Amino acid sequence: MARIIAGIGSSHVPAIGAAIDNGKTEEPYWKRVFSGFEKSQEWMRQTKPDVAIIVYNDHASAFSVEMIPTFALGCAAEFPPADEGWGPRPVPVVEGHPALASHIAQSVILDEFDLTICNKMDVDHGMTVPMNLLFGKVDKNSHWPCPVVPLAVNVVMYPPPTGHRCFMLGRAIKKAVESFPDDLRVVIFGTGGLSHQISGPRAGLINSKWDKNFLDNLSKDPQKLVKIPHLDYMREAGAEGIEMVMWLVMRGALDDKVDEVYRFYTVPASNTAVGHIILANRPRGAKGTAKRKPAGKHKPAAKHKRAAVRAEVQRIRS
Amino acid sequence: MAREQHDYDDIPGTFVFDAERSRQGFGINMFCMSLMKDENRKAFKANEAEYLKKFKLTPEQTDAVLKRDYNRMLELGGNIYFTAKLGAADGHSFQHLAAVMTGASQQDYAAMMLGGGRSVEGNRSRSGKNAPSKFLLAAAKTSAAAKSKAKSGKSKSKSKSKSAKRK
């Protein structure tokens, strides 16, 4: 059985990609941003997921305004990096996982999430920047460490799907993954945000208080977040800050109780507040997971596993 | 037909790219999209007004594009991810465009970002709805309550209430 082991939230600012591609990561401005992802990269190297589901949005690269799918799942064998006007980013082609992707499509559509299926799709910085932040720089002619199932969400044209809808889609994805027969360890990325506005006279808006609350609740009480109306995101976190709903797909795909492994926040990268979080599902059988074993029987093992997770969290934080 | 009014029209300095603007601005956005190709950039630069005719813009939209009035383009249905392609074709960085839209110099805009960005205080509403979102208020209350609880009850009472919830 496949299983989602962790969720990752990360901004996907295009200028971060440009800094990587142009060798500026050691400049003080950018070092402040990249240093926040060093521990995450170490965590990723140790976690070695088999597949990553990446929830992101396209920025007028694959979709333009001719077609605006609310949720689009990439089922192709590979996804070339898009030409965003400066030539494609010098990163490897993103390999897909068609078997898992089509399994997810079949499962969630029958669960009443009417996805668009993409069997051919270019992917832009919305996906490849978070991949760089978590996997590090990867040579164009090499391979990303794991295949990816892309899930593109419309957050460009209003209205994007509601936070609640995103969360429930995450739930349906979790169910789909858990019914996939192969033993895969899956991570899921929610990308975009945090607070930022890049359009109109109010451009430059940042709301760190909002962002911190969002991260706190994402970790401990996501039900509070699913109720936030779009108007509040746009007013408080900027017109483009509404991308944060994509993090709720990721959170919905995790167990109710998770361990916060790592968090990072800095302002700014270009015009945006950069947020990052890693949330790990607790090992199955541990207390507080969705499918709890009858009390008593498995307690010592559960206790042991939880202690191990805590030690791991401690180790990575320190 | 006059534009339908929405709750988000109350957000100052913001043109929400909604379904109506998406329909209205189709030509602007398809024009911007066309600039992804070098031959199109060259054709546009050679004769801007002539090139724009292919995209069936309204006279107001054509005027906004020719004048590089980025806010007006947004108001008339342009979307920022698309209009940014026009800026790039002109050789401008995104931060330059952002500064232009806010009426600041690029230097001042960059300094504002380094200083933590534009504050939300006083920038929430045109009509004076400047109270923070209920979501923020609720969070402030919980953290205040947690703090006072931690002061009075110490950790023991905290863990008790947690286990009570689980049951």
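Trainee: In β8(A), which residue is the bridge partner of A:Val51?
Mentor: Look at the strands first. β2(A) and β8(A) pair in the parallel sense over five bridges. Strands are DSSP runs of E, at least two residues long, helices are runs of H or I, at least four, and both are numbered from the N terminus. In β8(A), A:Val51 is matched with A:Val186.

Trainee: What kind of model is this?
Mentor: Residues are numbered from 1 along each chain as its sequence is written, while chains are lettered from A and ligands numbered from 1 in the order in which they are written. Local features need pLDDT of at least 70, side-chain atom pairs count only at pLDDT 80 or more, totals for chains, interfaces and linings use all residues, and the model is predicted.

Trainee: How many bridges join β1(A) to β8(A)?
Mentor: Two strands pair if DSSP finds at least two bridges between them. One link to find is A:Ser10, whose bridge partner in β8(A) is A:Thr191. β1(A) and β8(A) run parallel, and the bridges joining them number seven.

Trainee: How many of the seven residues of β8(A) are buried?
Mentor: A residue is buried if 20 or more other C-beta atoms, placed from the backbone, lie within 10 Å of its own; 12 or fewer makes it exposed, and in between it is partly exposed. β8(A) is mostly covered, and its buried residues number six.

Trainee: Which are the edge strands of the sheet in chain A?
Mentor: The sheet is open and has eight strands, in the order β6-β3-β7-β2-β8-β1-β10-β9, with mixed pairing. An edge strand pairs on one side only; here these are β6 (116-118) and β9 (258-269) of chain A.

Trainee: How many residues does chain A give to the contact with chain B?
Mentor: Residues are in contact if their C-beta atoms, placed from the backbone, lie within 7 Å. Chain B supplies 45 residues, and the number from chain A is 33.

Trainee: Are α2(B) and α7(B) parallel or oblique to each other?
Mentor: Axes are lines fitted to C-alpha atoms, for helices over the stretch in contact, and angles run from 0 to 180 degrees between N-to-C directions. These two axes come within 8 Å and cross at roughly 45°. Under 35 degrees counts as roughly parallel, over 145 as roughly antiparallel, 65 to 115 as roughly perpendicular, and the rest as oblique. So α2(B) and α7(B) are oblique.

Trainee: Which residues of α7(B) make the contact with α2(B)?
Mentor: α2(B) brings B:Asn29, B:Cys32 and B:Met33. From α7(B) come B:Phe82, B:Thr83, B:Lys85 and B:Leu86.

Note on methods. Two residues are in contact if their C-beta atoms, placed from the backbone, lie within 7 Å.
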